[in-house]
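This report walks through one protein chain, from its overall layout to single residues. Please keep the sequence and the structure in view while reading.

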Amino acid sequence: MSSGDVKYCQNCGSKNPIEQKFCGECGKTFNGSTKEKMSTEQKTGMAQGIISFVLSLFGLSCLPFLGSIAAVITGFMTADRKTNNFAKAGIIIGFVGISLGIIGILIGIYAALA
Ligand SMILES: [Zn+2]
């Protein structure tokens, strides 16, 4: 460990070892505000992911095609979609719903022409 491995308390400005979780001087938790901000972003992403997932289910039931398109759009708008399983499921089920919708339209056209 080098002498550079220190951080300064945002509250009282005292020097602390880098691995310290609390300030030795005033007892304030380090990076508390950063953690809080991240969890808010994660909550927003989780809410968007769930909305995408629910819309994708609507796309397969009471809101065909439109629900699926909305699910895919909401899924791609989710900031943490690469790690958000709800958003991933929403995008995948949304695409399945769109595919089924297109197949349904094609079958309808075929049936109308036949
Ligand atoms: Zn402090």
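The text below covers the overall layout, the nonpolar core, one helix pair and a few single residues.

**Overall layout**

The model is predicted. Its protein chain holds 3 helices and 2 strands, and the order along the sequence is β-β-α-α-α. Of the 114 residues in the protein chain, 22% are buried. Among contacts in the protein chain with a separation of 6 or more, 41% join residues that lie 24 or more positions apart.

**The nonpolar core**

The largest nonpolar core consists of 9 residues: Phe-53, Leu-55, Ala-70, Ala-71, Val-72, Phe-86, Ala-87, Ile-91 and Ile-93. At least two residues of this core come from each of helix 1, helix 2 (66-77) and helix 3 (85-113). Helix 3 gives the largest share, 4 residues.

One member of this core is Phe-86. Leaving aside neighbours within four places in sequence, Phe-86 is in contact with Met-46, Gly-49, Ile-50, Ser-52 and Phe-53.

**Helix 2 against helix 3**

How do helix 2 and helix 3 lie to each other? Their axes come within 8 Å and cross at roughly 150 degrees. An angle over 145 degrees counts as roughly antiparallel, so helix 2 and helix 3 are roughly antiparallel to each other. The crossing of the two helices is left-handed.

On the side of helix 2, the contact is made by Gly-67, Ser-68, Ile-69, Ala-71, Val-72, Thr-74, Gly-75 and Phe-76. On the side of helix 3, the residues are Ala-87, Gly-90, Ile-91, Ile-93, Gly-94, Phe-95, Gly-97, Ile-98 and Gly-101. Sorted by class, the contact of helix 2 with helix 3 has 9 nonpolar residues, 8 polar residues and no charged residues.

**Single residues**

Gly-97 belongs to helix 3. Is Gly-97 buried or exposed? Gly-97 has 27 other C-beta atoms within 10 Å, and a residue with 20 or more is buried, so Gly-97 is buried. Apart from neighbours within four places in sequence, Gly-97 is in contact with Ser-56, Gly-59, Leu-60, Gly-67 and Ser-68.

Met-46 sits in helix 1 (residues 32-60). Met-46 counts as partly exposed because it has 17 C-beta neighbours inside 10 Å. Not counting residues up to four places away in sequence, Met-46 touches Asn-84 and Phe-86.

Ile-50 is also placed in helix 1. With 17 other C-beta atoms within 10 Å, Ile-50 is partly exposed. Phe-86 is in contact with Ile-50.

Each of these three residues can be paired with a residue farther along or back in the sequence, as the table sets out.

| Pair | Separation in sequence | C-alpha to C-alpha distance |
|---|---|---|
| Met-46 and Asn-85 | 39 residues | 8.8 Å |
| Ile-50 and Ala-71 | 21 residues | 9.6 Å |
| Gly-97 and Gly-59 | 38 residues | 5.8 Å |

Gly-59 of the last row is also one of the contacts of Gly-97, and Ala-71 of the second row is one of the residues of the largest nonpolar core.

The last residue to look at is Phe-65. Where does Phe-65 lie? Phe-65 is found in the loop between helix 1 and helix 2. Although Phe-65 is not a glycine, its phi is positive, about 70 degrees. Phe-65 has 15 other C-beta atoms within 10 Å and is therefore partly exposed.

How values were computed:
Residues are numbered from 1 along each chain as its sequence is written. This is a predicted model: local features need pLDDT of at least 70, side-chain atom pairs count only at pLDDT 80 or more; totals for chains, interfaces and linings use all residues. A residue is buried if 20 or more other C-beta atoms lie within 10 Å of its own, exposed if 12 or fewer, and partly exposed in between; C-beta atoms are placed from the backbone. Two residues are in contact if their C-beta atoms, placed from the backbone, lie within 7 Å. A nonpolar core is a set of buried Ala, Val, Leu, Ile, Met, Phe, Trp, Tyr and Cys residues joined through C-beta atoms within 7 Å. Axes are lines fitted to C-alpha atoms, for helices over the stretch in contact, and angles run from 0 to 180 degrees between N-to-C directions. Angles under 35 degrees count as roughly parallel, over 145 as roughly antiparallel, 65 to 115 as roughly perpendicular and the rest as oblique. A crossing is left-handed if the near helix is turned anticlockwise from the far one by less than a right angle, and right-handed if clockwise. Ala, Val, Leu, Ile, Met, Phe, Trp, Tyr, Cys and Pro count as nonpolar, Asp, Glu, Lys and Arg as charged, and the others, Gly among them, as polar.
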